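Welcome! Here are a few questions and answers to read alongside the model.

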Amino acid sequence: MMQAERPILKVINVVGARPNFMKVAPIVAAMRRRPAKFLPLVVHTGQHYDAAMSDSFFRDLELPQPDTHLGVGSGSHAAQTAAVMESFEPVVLSEKPDWVLVVGDVNSTIACALVCVKLGVKVAHVEAGLRSRDRSMPEEINRLLTDQIADLLFTPSHDADENLLAEGIPRERIRFVGNVMIDSLQQNLTAARAQHTRERLNLSGIDYALLTLHRPSNVDLRESFERILDALEAIAAKLPILFPVHPRTRKTISELGLNERVESIKDLRTVEPLGYLDFLNLSSDARLVLTDSGGIQEETTALGIPCVTLRENTERPITVEMGTNVVVGTDTTKIIAAANAALNGSAKKALRQPPLWDGQTSERILDALESF
Ligand code: UD1
C-alpha cells in the first residue's frame, strides 16, 4: 500500500524579545529550505520594540519580517503577558496552524503557549528543561509553566532532559536536539568577524572586557548594582570594559541616581545596545566577558572565551561543567578574583563542546516536527 503524503505543516514561530531572534532565525531558515514540508509564519509579539532591541536582529539574522506584529510593548508582567495572550489568540484562530513554536523563557513564550494549549493547538518549546531553581526569576516561572503545557519539548542538554523527567513530563514528549543558538553563532561567525565593530569603537589592537547587565536582581536593586560597580572599577583599572547598556538598565541607572557613579569609572565605556553581528564580533575577541545573560554564557562556551556570570545560579550548568563559565554572584571580591583569573591566564578553559552544539539543531527540530 502506498504511504499517504504528509501534508505541509503550517508553523507559527513566535518571537518577542531580543534573546528569541537568534533562536528562531535558523529554524525559520531551515523550514524555508523544506518548502514541501513546512509553511513557516513569524509572529512578533512586540515585547521588545526599540530598533536596537529588535529591528537590527531581523537584518543581521536575515529573519523574514513578521507576518503579524502584535505591538504589545512594555508593561507589568501581568499586563504584558495578558496583552500578548489577548492579541495572539485571534491570530491562532484565523491561521489555524498545525504547530506553534515558542523559544526560551520570556513572557511572550508562556503567553503564547498558554493561548495554544487552551485552543487545542500543538505547541513545541525550544530550549525546554533549563532550570535555575530560583523562583524569584520571572524566567524560571515562564520555563516551568511552558514545559508543563507544551506538547513537544526540545532540550539543549541532558541536564534539561533530567529536569523534565523529574517533573513528570512523559519521555516521549522530550527530544534532545542540542542548542539552536549555536546554529546562529556558527552561521554568522564569519560575517561577524568581518564587521568593523572594534575599529568603530576604537578597540582595535587592544585587550578589552565586554559587559552586559539587565537582570532585575542586579540592576533594579541599589545594593547589588553598587557591589557590581565596585568590582567593575577595580577590573577597569587593568582592562578597559565596554558596556552596551540594555534599556532596562539605562532606566534604572537613572532612577537609582547612579549616572555619576557609572560615568566616574575610568575605562568603563557605555554604549547603546549592539546588534547581533557587532556583539558577536566583540565577544569572539574579548579577553573576558562579564554578564548576567543566559545566552551569553552559552555563546562564550562555544567561542572558548572566559565568562564570569554575575548571578547566584545558572539554568545552564553545562556551560560551567564543560565550558568557560564561572558563576560568581554579585560579591565584589569574587567578581574581581574571577576577572583576575581570566587576565592572568588561569581562567578555566572549555573542556569540550557540549554534545549536539554543532550547528545542526534546527534540522533536528524540523525532523522531529515532521515525524511527531
Ligand atoms: C526580557 C526578558 C528576559 C530577557 C531580556 C533580554 C521577560 C520576563 N524578561 O527582559 O528574560 O533576558 O528580555 O533583553 O520576558 N525596554 C525598552 N525598549 C525595548 C524593550 C524594553 O526601552 O525594546 C525597556 C522598558 O522600559 C521596559 C523594560 O525595558 O519596561 C523591560 O523590558 P521587558 O521586556 O519587560 O523585560 P526585559 O528586562 O527586557
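A polar contact is a pair of N or O atoms within 3.5 Å; within protein, one must be able to donate a hydrogen and the other to accept it, and residues adjacent in sequence count only if both atoms are side-chain atoms. This is a predicted model, where local features need pLDDT of at least 70, side-chain atom pairs count only at pLDDT 80 or more, and totals for chains, interfaces and linings use all residues. Residues are numbered from 1 along each chain as its sequence is written, and side-chain values use heavy atoms, with hydrogens and water left out.

Q: What makes the approach of His 48 to the ligand a polar contact?
A: An N or O atom in the His 48 side chain is 2.7 Å from an oxygen atom of the ligand, and the limit is 3.5 Å, so the pair counts. For His 214 the distance is 2.8 Å, and for a polar side-chain atom of Arg 248 it is 2.9 Å.

Q: How many nonpolar, polar and charged residues does the shell around the ligand have?
A: The shell has 6 nonpolar, 8 polar and 6 charged residues, where Ala, Val, Leu, Ile, Met, Phe, Trp, Tyr, Cys and Pro count as nonpolar, Asp, Glu, Lys and Arg as charged, and the others, Gly among them, as polar.

Q: Why is the pair of Phe 21 and Phe 58 called tilted?
A: Rings of Phe, Tyr and Trp (its six-membered ring) pair if their centres lie within 6.5 Å; planes under 30 degrees apart count as stacked, over 60 as edge-to-face and the rest as tilted. Here the centres are 5.2 Å apart and the planes at 55°, so the pair is tilted. By this rule there are 3 aromatic pairs.
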